[in-house]
Number of protein chains: 2
Amino acid sequence: MNSKDIAKIAGVSRSTVSRVINNYPNVPPETKEKVLKVIKEYNYVPHASARMLRGKRSETIGIVIVDLKRDIHKIYDNVYFGPFTTAVIDFANQLGYKVLVITVYKVKDYKKVREVFYNKTIDGAIFIGIKNDDPDIKDLIEAGFKIAVVDQEIRDDEEDPFNKSIIVNMDNVNGAYEATKYLIGLGHTEIAHITGDMEKLSGFARLEGYKKALKEAGIPFKSRLVVKGDFVEESGYKAAYKLFKKAKPTAIFASNDQMAIGAMQALEEMGYKVPEDVSIIGFDDITISRYLKPALTTMSASLLQMAELAVVNLIKSIEEELGITAKFVVPVKLVERESCKRLNISKEKEDTEYAISMRR
Amino acid sequence: MNSKDIAKIAGVSRSTVSRVINNYPNVPPETKEKVLKVIKEYNYVPHASARMLRGKRSETIGIVIVDLKRDIHKIYDNVYFGPFTTAVIDFANQLGYKVLVITVYKVKDYKKVREVFYNKTIDGAIFIGIKNDDPDIKDLIEAGFKIAVVDQEIRDDEEDPFNKSIIVNMDNVNGAYEATKYLIGLGHTEIAHITGDMEKLSGFARLEGYKKALKEAGIPFKSRLVVKGDFVEESGYKAAYKLFKKAKPTAIFASNDQMAIGAMQALEEMGYKVPEDVSIIGFDDITISRYLKPALTTMSASLLQMAELAVVNLIKSIEEELGITAKFVVPVKLVERESCKRLNISKEKEDTEYAISMRR
DNA sequence: CTGAAAGCGCTTACAG
DNA sequence: CTGAAAGCGCTTACAG
């Protein structure tokens, strides 16, 4: 079944069939109806490749999930990429776009991405999990492809390639600042920080927010209270052990929830109770966090909103064929749960003060 | 940049360029090298649509995530579809295939699926979250498209359309049987069951396994101990309340972990302790389950293995162009954690017996 | 070993 | 309002 067959059966030319399919105005209602009837009857759908070859868009966007320095299948149970990807698919579908998912576990996997761009399989793509200033992505942007990136520094330099892409970030600095300030507000001064992957904006920006809050409160920054992680659970676990070998913080700000969970595990093994002995706050508000005992206090941004901004603006940029260069910073808010408490000055005051930090 | 340009620059014909790209044997090494150099230099990638129009496969499979009777965005934080989808993408990519993700929230969304099949965007598809005997999928199979389905009854009827597809299931009956038997082995006889969606194989097959275990142990089946759920957390929550209004089971077998989690929440609200007052076992072993307090005992099957079976056999069926009709039943095993304990005959014996049920 | 030519299934100026 | 024809960028018999 192709347009020629349909034309023959409907008693018109292929041109007319095409006009009907593309909903052109210059087709009289009766002709249109006649053709539509045949199309329906034969379950005819125009060959996508033929249309694209004639210059139609593929109406497909890619979502590129980058997870370097990890083995294959590790995003398998990733609690962050999954929800974001689903949200992207849903918003894109709503706008009539299909979504191709591409995973990048090694730098050379970027070849897959270049291919689908150059061979016109996709009209544009959203990148997540990327490090800051990634040269492979930079090249693609410079080649003129439509791209949205999540978690990328917004630079002042007008000439920077990333300025030609759509950027969607969480308000990392402010979120980290608020998280740290919250702990300070509970009376803590010995506040540790488990950092994220420092090659990513969310890694170094959250450290910056932590420092900013300390500085503002007049608490001296101590490098022994900062230990490096890389955003996965295990790194949080190891970081907590390393931390308590050289220091005795009363509170920890972990750069994401997964590391907070790993740290809580280590804390439990070392015999510290959360939040009685150590308060801990995370970042991201992943699904698991509310099921933990104690439920994890954390900083939350709307992944849904981020996905929507990326999708809507990417598609706008594709369809208007002009380089949209929007930049978005999504707000982050505190989700108080059970993993932080007021530092107890004296044992007697504990109960009442605990009650205060318990309200959700 | 197209093959004509490359041909001109390399000083050969388009035919030869094509032969090099497709790695045909009848090209002398020098010619091949010359052409390859130009291709590399100009970053040339053949237009995917043009190749497909000439009959090449799209080398893209679809993964269709069906989630009917729910609002949009609900699979957003689905703990089951996400990991499975990622696993499918990874296995497909390994075999050189791209993956298009399609969500179906309403029956009419199947239109999207038909479209990508008929317009040749995908070579085949894997369906998950489907109800048993879905007519929309049946039509697609009968139209001759290559399809793999997860969670679909394996029928004896040779003529049944689904017999022309690839089927991958968990061993639902046996898993449910083992779960129930495990509770019986702990001394329970008042064992409730929160069912899954009864339109799905995993829903009714797990009920069947539950019944089978009771029967074998000579425990009479009581309909007041069975309450309907539909595989989501909230339904487990409601089911638990309904259950305890009319009965006092000492153990619950929930048809999946999400409902078990909902039930645990309700149990806590009603003042029952898990596992001291009520034992509970789930099914699926989702990521959250091991973080719960008490950690959830559950039945686990390898999603990775299921995804691999579906992908590998679908692609085999696409490439060999013959209707592969493989059927797979993936084994399910018990994961003992903390949510079940031996029914205490007398309070005194409790401690020692609890220790037994505690080993993981 | 290599090139000229046909054709995959569409869309779209062009002519009427 | 409608059709004949060109052409998108490839691949592949065919001929040499």
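The legends below describe close-up views of a predicted model with two protein chains and two DNA strands. Residues are numbered from 1 along each chain as its sequence is written, and chains are lettered from A and ligands numbered from 1 in the order in which they are written. Local features need pLDDT of at least 70, side-chain atom pairs count only at pLDDT 80 or more, and totals for chains, interfaces and linings use all residues, while side-chain values use heavy atoms, with hydrogens and water left out.

**View 1. The protein surface near DNA strand C.** A residue is near a strand if one of its heavy atoms lies within 4 Å of it. Around DNA strand C there are 26 residues, of which A:Arg14, A:Ser18, A:Tyr24, B:Arg19 and B:Arg54 come nearest. Of the atoms of DNA strand C that come within 4 Å of the protein, 56% belong to sugar and phosphate. By type, the surface residues comprise 8 nonpolar, 11 polar and 7 charged; Ala, Val, Leu, Ile, Met, Phe, Trp, Tyr, Cys and Pro count as nonpolar, Asp, Glu, Lys and Arg as charged, and the others, Gly among them, as polar.

**View 2. Polar contacts with DNA strand C.** A polar contact is a pair of N or O atoms within 3.5 Å. A polar side-chain atom of A:Arg14 is placed 2.2 Å from a base nitrogen of DNA strand C. The side chain of A:Asn22 has an N or O atom 3.1 Å from a phosphate oxygen of this strand, and a backbone N or O atom of A:His47 lies 3.5 Å from a phosphate oxygen. Two or more residues of the surface near DNA strand C come from each of α2 (14-21) and α4 (48-53) of chain A and α2 (14-21) of chain B. The most, 4 residues, are given by α2(A). Helices (H or I, at least four residues) and strands (E, at least two) are DSSP runs, numbered from the N terminus.

**View 3. The protein surface near DNA strand D.** DNA strand D is surrounded by 26 residues, and the closest are A:Arg19, A:Arg54, B:Arg14, B:Ser18 and B:Tyr24. Sugar and phosphate make up 57% of the atoms of DNA strand D within 4 Å of the protein. In chain B, the side chain of Tyr44 has an N or O atom 2.7 Å from a phosphate oxygen of DNA strand D, and a side-chain N or O atom of B:Arg51 also lies 2.7 Å from a phosphate oxygen. The largest share of this surface, 4 residues, comes from α2(B).

**View 4. The two protein chains.** A turn of 180 degrees and a shift of 0.0 Å along the axis lay chain B on chain A with an RMSD of 0.0 Å, superposed by least squares on the C-alpha atoms of residues with pLDDT of at least 70 in both. The two copies are thus related as by a two-fold rotation axis.

**View 5. Strand β3 of chain A and its neighbours.** All 5 of the 5 residues of β3 (residues 124-128) are buried (under 20% relative accessible area, 1.4 Å probe, protein chains only), so the strand is largely enclosed by the rest of the structure. A:Gly124, A:Ile126 and A:Ile128 point one way from β3(A), whereas A:Ala125 and A:Phe127 point the other way. Strands pair if DSSP finds at least two bridges between them. β3(A) pairs in the parallel sense with β1 (residues 60-66) of chain A over 5 bridges, where A:Ile63 stands opposite A:Ile126. β3(A) also pairs in the parallel sense with β4 (residues 146-150) of chain A over 4 bridges, and A:Lys146 in β4(A) is the bridge partner of A:Gly124.

How values were computed
Polar contact = N/O pair within 3.5 Å; in protein donor to acceptor, adjacent residues only side chain to side chain. Buried < 20%, exposed > 50% of the residue type's maximum accessible area, 1.4 Å probe, protein only.
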